[in-house]
Amino acid sequence: MEDIVVESLLSGNREAQIEAAIELSHLSRKQRQKMSEREIISPLLSMLQSQDSITTEVALSALLSLAFGSERNKVRIVKSGAVPMLLEILQSETKMVILEMAMAFLLILSSCNKNKVKMASTMMIQLLVGLIGLDRLTIQAKVDGIATLQNLSTLHQIVPLVIASGAPYALLQVINFCDKASELAHKAAALLENIVSHSPESISSISGAIGVMVEAIEEGSAQCKEHAVGILLCICSYDRETNRGMILREGVMPGLLQVSVDGTRRAKEMARELLLLLRDCSGYVIKNKQSKIEQIMREIDQEGERIPGTMLKLVEDMISKLTT
């Protein structure tokens with residue numbers, strides 16, 4: 001069977017290639033690995049350039065099956081020139097299933113460390129940033145696009161390209177308008193935290209950025225809250241005198257205190273660190289409310305770790321007082 005599939009792909013006959021590509025997707029991983037040694041990537045890539053959507057779709061499916069679970073094939077596919085073809089598909093294709101497959105393919109290819117530098121062109125990053133903001137793109141395609149940018153951003157030299165593409169603003173928009181408890185918000189916040197950790201000033205000047213993060217702390221999933229706290233901690237540490245007042249004015253305290261008690265382990269640590277940066281900002285909040293903060297923060301420090309349940313009760317008291 002493998003020989004027939006290979007011969008059909010290499011034959012140049014389009015109908016035979018389509019049937020072979022479909023059959024390839026159904027073969028076992030071991031069979032696909034053996035076949036990838038026989039120059040079948042090039043004809044599959046040539047099929048991506050077809051004007052026929054069926055041909056493009058079956059070729060994408062076959063290439064995805066070759067790349068899945070094989071670092072060697074991921075490298076081969078990128079070296080063979082797949083990325084420019086995928087970018088062309090993302091720019092011109094209107095069929096949603098093909099757009100989703102192309103996004104998923106970029107994600108898989110970007111997961112290979114050897115591919116990251118070759119994939120991280122300005123054109124590709126700008127295209128992905130633009131696509132994640134489109135209403136017509138499905139949530140899964142947006143998640144995959146953001147995850148691809150996250151993969152590329154693990155290399156420090158690529159982060160400036162991501163920032164220059166307008167990613168901070170695009171990610172804030174995604175978080176602002178999607179369900180804060182969704183995977184999309186989580187992925188967007190994770191990438192934004194990575195960006196901000198390298199360049200805190202990248203979102204400081206964006207109007208409404210802090211408010212979006214405060215909402216994420218209040219409404220997001222545990223992971224989204226963790227990243228939102230990390231972002232605020234980073235920008236407050238970067239320019240405390242300017243940003244701590246802005247953070248307080250957005251009403252961060254109730255959500256931040258709650259995270260300091262029931263967030264993830266990392267979120268708790270960062271929340272408490274951020275609270276220390278915010279707690280002595282009497283010039284930025286109403287004086288009597290600040291005294292409440294100071295009083296209960298002292299109680300939390302003195303008693304919260306001694307008596308089981310005391311910290312949660314103190315935080316609940318503080319939140320109640322802050323909202324009255």
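The following dialogue examines how several descriptions of this predicted model are justified.

Biologist: What makes up the secondary structure of the chain, in helices and strands?

Modeller: The chain contains 22 helices and 0 strands. Of its 324 residues, 52% are buried, a label that requires a relative accessible area under 20%.

Biologist: How much area does the chain expose, and what share do carbon and sulfur atoms supply?

Modeller: The exposed area is about 14900 Å², and carbon and sulfur atoms supply 52% of it. As for contacts with a separation of 6 or more, residues 24 or more positions apart account for 69% of them.

Biologist: Why is helix 1 called oblique to helix 2?

Modeller: The axes of helix 1 (residues 2-11) and helix 2 (residues 14-26) cross at roughly 140° and come within 8 Å. An angle has to be over 145 degrees to count as roughly antiparallel, while 65 to 115 counts as roughly perpendicular. The crossing of roughly 140° falls in neither class, and therefore helix 1 is oblique to helix 2. The crossing is left-handed.

Biologist: Which residues of helix 1 and helix 2 meet, and how do they divide by class?

Modeller: From helix 1, Val5, Ser8, Leu9 and Ser11 take part; from helix 2, the partners are Ala16, Gln17, Ala20, Ala21, Glu23 and Leu24. The residues of this contact divide into 6 nonpolar, 3 polar and 1 charged. Glu23 is in the contact, and Glu counts as charged.

Biologist: Why is helix 7 described as roughly antiparallel to helix 8?

Modeller: Helix 7 (residues 82-92) packs against helix 8 (residues 96-110) at an angle of about 150°, their axes being 9 Å apart. Because angles over 145 degrees count as roughly antiparallel, the value of about 150° places helix 7 in that relation to helix 8. Here too, the crossing is left-handed.

Biologist: What is the class make-up of the contact of helix 7 with helix 8, and which residues form it?

Modeller: Leu86, Leu87, Ile89 and Leu90 of helix 7 meet Ile98, Leu99, Ala102, Met103, Phe105, Leu106 and Leu109 of helix 8. By class, this contact has 11 nonpolar, no polar and no charged residues.

Biologist: Which residues of helix 10 are buried, and what covers them?

Modeller: In helix 10 (residues 122-131), the buried residues are Met124, Ile125, Leu127, Leu128, Val129 and Leu131. Each is called buried because its relative accessible area is under 20%. Their cover includes helix 7, helix 8, helix 9 (116-119), helix 11 (139-153), helix 12 (159-164) and helix 13 (167-177).

Key. Residues are numbered from 1 along each chain as its sequence is written. This is a predicted model: local features need pLDDT of at least 70, side-chain atom pairs count only at pLDDT 80 or more; totals for chains, interfaces and linings use all residues. Side-chain values use heavy atoms; hydrogens and water are left out. Helices (H or I, at least four residues) and strands (E, at least two) are DSSP runs, numbered from the N terminus. Buried means under 20% relative accessible area, exposed over 50%, partly exposed in between (1.4 Å probe, protein chains only). Contact means heavy atoms within 4.5 Å. Accessible areas come from the Shrake-Rupley method with a 1.4 Å probe; for residues, only the protein chains shown count as cover. Axes are lines fitted to C-alpha atoms, for helices over the stretch in contact, and angles run from 0 to 180 degrees between N-to-C directions. Angles under 35 degrees count as roughly parallel, over 145 as roughly antiparallel, 65 to 115 as roughly perpendicular and the rest as oblique. A crossing is left-handed if the near helix is turned anticlockwise from the far one by less than a right angle, and right-handed if clockwise.
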